Amino acid sequence: MTQSTLSSALSSAAAGRRVRPSRALSFLVVGVLLAALLVFFVLPVVWLLLAPSKTAGEVVRDNPLSFGSFQQIGAAWRHLFAFQDGAMLTWLRNSAIYSGGSLVLTLAVSVPAGYALALTKFRGRKTLLMVTLVTMIMPQATLVLPVFLELNRFHLIGTVWSVILPFSFYPFGVYLVYIYFGSSLPRDLLSAARIDGCTEWQLFSRIALPLAKPVVGLVAFFSFVGNWNNFFLPYLVLPNSEQFPVQVGLNQLLTSTPSFNPVAGAGLNITIPELALAIIVAILPVLVLFLFSQRTLVSGMLAGATKE
């Protein structure tokens, strides 16, 4: 072995020794971050899943990550759904009506609006697109007061429409559809269809809409989840408990729990296990929807990522 070859081998070995500590340090940092995420995000979810299996006293005394009994889960279930003569079922039904009704209107408006903004030319198009973008980035709380005054002007406060109509206003969905049609829909295909005699409505309904199924599914998912989890607007416009969606109902359950509200009645049978079970029941429809729509969500997120 020549001297130059030996010196290069020694330098390579020294460089390898320098790299290994830095790589170990990076692994250590990643491990610490993952452990922090586990503590702050995963452990609370595990505690929430285990809390309904214990009594209120066991939740405080026992190991936070211990399992109680299936009998206690059944007791918490009975107490929860007996609250106010089955108010939990009423709240779940109301959430389904509000979220489902607004979803239909959202898709009926967002998809044609995004198609029009992307593929048609008309006066005021750029202004309308700019207004859509500005409205999309505005915090929802800033629109609550004008929306409330408008609903009050038309005497809609306390009705189903006071929730469904504002929920249907979804500029983010319009923008998603606009991006998809503007980047992924082949213009040559539309031109060929026009030559064959297709009208604009036929272009949209028979060609563009079937190709846009992934992004339509994405808009539908985001709209449904956002509406299902919305609390502030229904809390303002719905005066009666029988009209509440489940998110506002959870707030009423919270105020009926003696652990959080000392003046709450002790005979309501609403304690921490019942409250934890109510939270699980409230998020279960969204979780099931997510599990059964993962393929559509992934394809919708990738829609428009490439352009031929």
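This is a short walk through one salt bridge and two backbone angles in a predicted model.

Let us begin with charge. Side chains of opposite charge can pair when their charged atoms come close. Here the count comes to one salt bridge, and its partners are Arg194 and Glu200. Their closest N and O atoms lie 3.0 Å apart, which is within the 4 Å that the rule for a salt bridge allows.

Where does Arg194 stand, buried or exposed? In between, as it turns out: Arg194 has a relative accessibility of 37%, so it counts as partly exposed. Its partner Glu200 is also partly exposed, because its relative accessibility is 40% and the class runs between the 20% and 50% cut-offs.

Now turn to the backbone, in the loop that links α3 (70-82) and α4 (87-119). Most residues other than glycine have a negative phi. Which value does Gln84 take? Gln84, which is not a glycine, has a positive phi of about 50°. This residue sits in the loop between the two helices, and with a relative accessible area of 40% Gln84 is partly exposed.

Move on to Asp85 and you will find a positive phi again, near 55°, in a residue other than glycine. Asp85 belongs to the loop between α3 and α4. How open is Asp85, buried or exposed? Its relative accessible area is 78%; that value is over 50%, so Asp85 counts as exposed.

Conventions
Residues are numbered from 1 along each chain as its sequence is written. This is a predicted model: local features need pLDDT of at least 70, side-chain atom pairs count only at pLDDT 80 or more; totals for chains, interfaces and linings use all residues. Side-chain values use heavy atoms; hydrogens and water are left out. A salt bridge is a side-chain nitrogen of Lys or Arg within 4 Å of a carboxyl oxygen of Asp or Glu. Buried means under 20% relative accessible area, exposed over 50%, partly exposed in between (1.4 Å probe, protein chains only). Helices (H or I, at least four residues) and strands (E, at least two) are DSSP runs, numbered from the N terminus.
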